[in-house]
Amino acid sequence: MSEALIVGVVSASDRAAGGVYRDEGIPALKDWLGKVIVSPHIVYEERLIPDEQALIESTLVELADVRGCHLVLTTGGTGPAPRDVTPEATLAVADKVLPGFGEQMRAVSLKYVPTAILSRQLAVVRRQALIINLPGQPKAIKETLDGVFAAVPYCIDLIGGPYIETDDALVKSFRPKSAQRPKSA
């Protein structure tokens, strides 16, 4: 049996964390991942927190270092508003920055909205965790993940995580031939 994929899903939102409205980011992330990833089994670590940089930083550290997440997806807090501090928190805990993710996420979003240029989405590696900052709206989460997830399984391979297989009809993950394994039954 293969190792489980441990995924942290974090929604950074003052209003959702304060109960002003229901968070839609975490359910959107889990729904998308549940459809696309066919193996291994996914274990979720969910966090709904306010837009506080120190809290976002400590949450990301806990998920990567203590909970052993292989992938951490954040939603919200990536715009230019004063309380949007998710990218700053992510960079503060990063070992390596992966600029191609941010570039591609903005390119994908520009197909849908001209305000995508305001986004500060990014991805980093902390220890053996890939952390990706995503937009806050479920529609934008799906569009963005559809556009970048093909690279995620191989990235997780490279940083020591489990081998992820996707539903090729939804997202065909890319690996060089030397890194591919036969499809599991």
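## Pockets

A pocket, in this report, is an open set of points on a 1 Å grid over the protein atoms alone, with protein on both sides within 12 Å along at least five of seven lines, and its lining residues are those with an atom within 4 Å of a point. The structure described here is a predicted model.

The largest pocket has a volume of about 740 Å³. Its lining is made of 33 residues, and those closest to the centre are Gly76, Gly77, Pro135, Gly136 and Gln137. The elements that contribute two or more residues to this lining are β1, α1 (14-17) and α6, with α6 giving the largest share, three residues. Sorted by class, the lining of the largest pocket holds eleven nonpolar, 14 polar and eight charged residues.

The second largest pocket encloses about 220 Å³. Thirteen residues line the second largest pocket, and Tyr163, Lys172, Ser173, Gln180 and Lys183 are the ones nearest its centre; by class, this lining divides into four nonpolar, three polar and six charged residues. Ser173, which is placed in the segment after β8 (165-166), has a relative accessible area of 17% and is therefore buried, the cut-off for that class being under 20%. Leaving aside residues up to four places away in sequence, Ser173 touches Ala150, Pro153, Thr166 and Asp168.

## The sheet and its edges

Six strands make up an open sheet of mixed pairing, in the order β3-β1-β4-β7-β6-β5. Because β3 (42-49) and β5 (96-97) each have a single partner strand, they stand at the edges, and one side of each is left without a neighbour in the sheet. At the β3 edge, strand β1 (residues 5-12) runs parallel to β3 and is joined to it by eight bridges, with Val7 standing opposite Tyr44 of β3.

Two helices are packed on this sheet. Helix α3 (residues 53-66) touches β1, β3, β4 (71-75), β6 (123-126) and β7 (129-134), and its direction makes about 165° with that of β3. Helix α5 (residues 99-110) touches β5, β6 and β7, and its direction makes about 30° with that of β7.

## Strands β5, β6 and β7

At the other edge, β5 and β6 pair in the antiparallel sense over two bridges, and Val124 in β6 is the bridge partner of Val97. Lys96, also placed in strand β5, has a relative accessible area of 56% and so counts as exposed; the cut-off for that class is over 50%. Apart from residues up to four places away in sequence, Lys96 touches Val124 and Val125. Lys96 and Phe149, which are 53 residues apart in sequence, have C-alpha atoms 18 Å apart in space.

In a regular strand, side chains alternate between the two faces of the sheet. Both faces of β6 are covered, since Ala123 and Val125 on one side and Val124 and Arg126 on the other are all buried. Strand β6 also pairs with β7 in the antiparallel sense, over four bridges, and Leu130 in β7 is the bridge partner of Val125.

## Backbone features in the loops

Most residues other than glycine have a negative phi, and most peptide bonds are trans. In the hairpin of β6 and β7, which has two residues between the strands, Arg127 takes a positive phi near 50°, a value that occurs here in a residue other than glycine. Arg127 has its place in the loop between β6 and β7, and because its relative accessibility is 55%, Arg127 counts as exposed.

The peptide bond from Ser39 to Pro40 is cis, with omega near 0°. Pro40 lies in the loop between β2 (37-39) and β3.

## Helix α6

Helix α6 (residues 138-148) has a set of buried residues consisting of Ala140, Ile141, Glu143, Thr144, Leu145 and Val148. An α-helix has 3.6 residues a turn, so residues three or four places apart point the same way. The buried residues of α6 pack against α2 (25-36), β4, α5, β7 and α7 (152-158). Helix α6 thus has two roles in this description, as a helix with residues packed against other elements and as the element with the largest share of the lining of the largest pocket.

Notes: Residues numbered from 1 in each chain as written. Predicted model: local features only at pLDDT ≥ 70, side-chain atom pairs only at ≥ 80, totals over all residues. Heavy atoms only, no water. Pairing = 2+ DSSP bridges. Contact = heavy atoms within 4.5 Å. Axes fitted to C-alpha atoms, helices over the stretch in contact; angles between N-to-C directions. Buried < 20%, exposed > 50% of the residue type's maximum accessible area, 1.4 Å probe, protein only. 1 Å grid on protein atoms, 1.4 Å probe; cavity = no way out; pocket = protein on both sides within 12 Å on 5 of 7 lines; lining within 4 Å. Points joined across faces, edges and corners; volume = space filled by probe spheres on them. Nonpolar A, V, L, I, M, F, W, Y, C, P; charged D, E, K, R; others polar.
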